[in-house]
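Biologist: Could you walk me through this structure? I am new to it and would like to go place by place.
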Amino acid sequence: MKRSGSPSAMVAVLSLTGLLAALLQTLAIPLIPSFPTLLNASPTDASWVVTISLLTGAIVTPVSGRLGDLFGKRRALLLTLSVMITGAALSALTSSLWLMVIGRGLQGCALGVIPLALGIFRDELPPHRMGGAIALLTGTLGLGGAVGIPLAGLVAEHFDWHVLFWGSAGLGLFCALLTALVVPESPQRTEGRFDVVGTVGLTVGLIGLLLPIVKGGQWGWGSTRTLGFGAAAVVILLAWGRHQLHARSPLVDLRLSARRPLLMTNLATVAVGFAIFTMLFAFPQILQAPPATGYGLGQSLVRTGLAVAPNGVVALLLTPVATRLITRYGARLAMMLGAIVIAAGYVFVTLLMNSVLEFVIASGIIGAGAGISVAATSKLITDAVPVTETASANGVNNLMRSVGTTAASAVLTVILAHGAITVGSATLPSAEGFRTTFMVGAAAAIVGLLFSALIPSRTPMSGGPAKPVAAPDGDVISKR
């Protein structure tokens, strides 16, 4: 049934769901040191509360996009929000480790709203409004990720920690109600059946690939467990790729993904995702480290969160600028500019890491580059695929961003562990280790710049929305 909500209201609601998805990714970070006590678990087991949402978020994005293309994006969006609400409520009701892990895993599915929202934008908005809507959505994603840490820290310091999850469930329910009232069901559908075998293969393969990346530092990079998971993942993903190439209705169209516009954009996304996560990984550690380290600024959790919040705030405030850049110069050049700005932010903080103000400025610079880059990426993906593949293609792109952030977590952990210093009874990273991470972040942004430069300036699928026509089986498909 077609909803009559205005396009502006639809964009606002979908941007709010994106804000919620990003917020849930950082919600548990302030509680990491406390989880072993709160959940009566070892630090190793308690780390699964964060790891599981990372894994499920990576897996669900291509799956939710495909479900939206096949069965309706609004329907898939409501299903995704329902799963997230269930997970948040479960986490709010329990202090058991494994029930919390299950709840957090379900909350990780919230990332599935992003490709669905981007698909709805393409289906419902005229071309001249697409750039602004995408920039607003990506800006709210950055804002949600940045404000999640100080907000969660503030709540955890003054209330029972379960309140964080009750609040998430309430916000999720609010988003679901607004979606049901305002967001129309897309008329665009792709033909075919949902690829269950491909979904299972992708899930198992990604778990095998991402798990040793996340846990390699803890297990040992040369351990049997790490190497075994990695080898199994390669075999499974190769078999999965063969299945996708021969399936009549694949979960991911690998032939389309291998075309230069999508391939270069996705490779650039991995590199830029790595670069953006470097700030979120390193800045809080320096800000909270004791001054006795020689570099630490001794800030509280809330103040640390406020210091990195400009990353998201600037990304949101620059939404109109990102829109104008994409409209006037094209998404490819805008993405290249975003990567350059991110690299400049890391050069700045490498040279100046002596005060909170310098980290606030660096956070804002990197946030500006991230906002422009992510908005341009979404526009490039949307323009490069048929309208019936929009959600699933954006889902794959979000998967690539998750691979980049996961790889960054593993690589930066190794860098900071090498040459650590002892301060009192604590072992902490050295100042040189952090400078190295910043240079690695800058290098990743430059790699993203190089891949962006290889994207064709014009994509074969760009153009206005497709005209819907009825398929023989009654579904609605697109026709150019």
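Modeller: Let us start with E185, which is found in the loop between α9 (163–182) and α10 (196–219). Helices here are DSSP runs of H or I with at least four residues, strands are E runs of at least two, and both are numbered from the N terminus. This is a predicted model, in which local features need pLDDT of at least 70 and side-chain atom pairs count only at pLDDT 80 or more, while totals for chains, interfaces and linings use all residues. Residues are numbered from 1 along each chain as its sequence is written, and side-chain values use heavy atoms, with hydrogens and water left out.

Biologist: Is E185 buried or exposed?
Modeller: E185 counts as buried because its relative accessibility is 11%. Buried means under 20% relative accessible area, exposed means over 50%, and partly exposed lies in between, with a 1.4 Å probe and protein chains only.

Biologist: Which backbone nitrogen does the side chain of E185 reach at 3.2 Å?
Modeller: That is the backbone nitrogen of R74. A polar atom of the E185 side chain also lies 3.1 Å from the backbone nitrogen of K73. A polar contact is a pair of N or O atoms within 3.5 Å; within protein, one must be able to donate a hydrogen and the other to accept it, and residues adjacent in sequence count only if both atoms are side-chain atoms.

Biologist: Turning to the interior, which residues have the most contacts inside the largest nonpolar core?
Modeller: They are M10, L14, F35 and F121, in a core of 53 residues. At least two residues of this core come from each of α1 (7–26), α4 (48–71), α5 (73–93), α6 (97–108), α7 (113–124), α8 (127–158) and α9. The largest share is that of α1, with 8 residues. A nonpolar core is a set of buried Ala, Val, Leu, Ile, Met, Phe, Trp, Tyr and Cys residues joined through side-chain atoms within 4.5 Å.

Biologist: And what is L14 in contact with?
Modeller: Leaving aside neighbours within four places in sequence, L14 is in contact with L77, A117, I120, F121, L137 and V183. Contact means heavy atoms within 4.5 Å. Apart from this core lies another, of 34 residues, which include V272, I286, V308 and A343.

Biologist: A343 is in α17, I believe. Which residues of α17 are buried?
Modeller: A343 is one of them, and the others are A331, A334, M335, M336, G338, A339, I342, G345, Y346, V349 and T350. These buried residues pack against α13 (260–288), α16 (319–329), α18 (356–384) and α20 (431–453).

Biologist: How far does α17 reach from its first C-alpha to its last?
Modeller: Helix α17, residues 331–351, has 21 residues and reaches 31 Å, close to the expected 30 Å. The expected span is 1.5 Å times one less than the number of residues.

Biologist: What does T269 touch?
Modeller: T269 is found in helix α13. Not counting residues up to four places away in sequence, T269 touches M335, T377, N397, M400 and R401. T269 counts as buried because its relative accessibility is 2%.

Biologist: And V440, where does that lie?
Modeller: V440 lies in helix α20, and counts as partly exposed because its relative accessibility is 23%. Beyond residues up to four places away in sequence, V440 touches F274, L412 and I415. V440 and F274 are 166 residues apart in sequence, yet their C-alpha atoms are 9.3 Å apart in space.

Biologist: A change of topic: how many cavities of 30 Å³ or more does a search of the whole structure find?
Modeller: The search finds 2, and the largest holds about 100 Å³ of space. On a 1 Å grid over the protein atoms alone, a cavity is a set of points where a 1.4 Å probe fits but cannot get out, and lining residues have an atom within 4 Å of a point. Grid points are joined across faces, edges and corners, and a volume is the space filled by probe spheres set on the points.

Biologist: Which helix gives the most to the lining of the largest cavity?
Modeller: That is α19 (390–417), with 3 residues. Among the lining residues are L251, D253, N266, I381, E389 and V396.

Biologist: Lastly, what about N40?
Modeller: N40 is in the loop between α2 (35–38) and α3 (43–46). N40 has a positive phi of about 55° although it is not a glycine. At 74% relative accessibility, N40 counts as exposed.

How values were computed. On a 1 Å grid over the protein atoms alone, a cavity is a set of points where a 1.4 Å probe fits but cannot get out, and a pocket is an open set with protein on both sides within 12 Å along at least five of seven lines; lining residues have an atom within 4 Å of a point.
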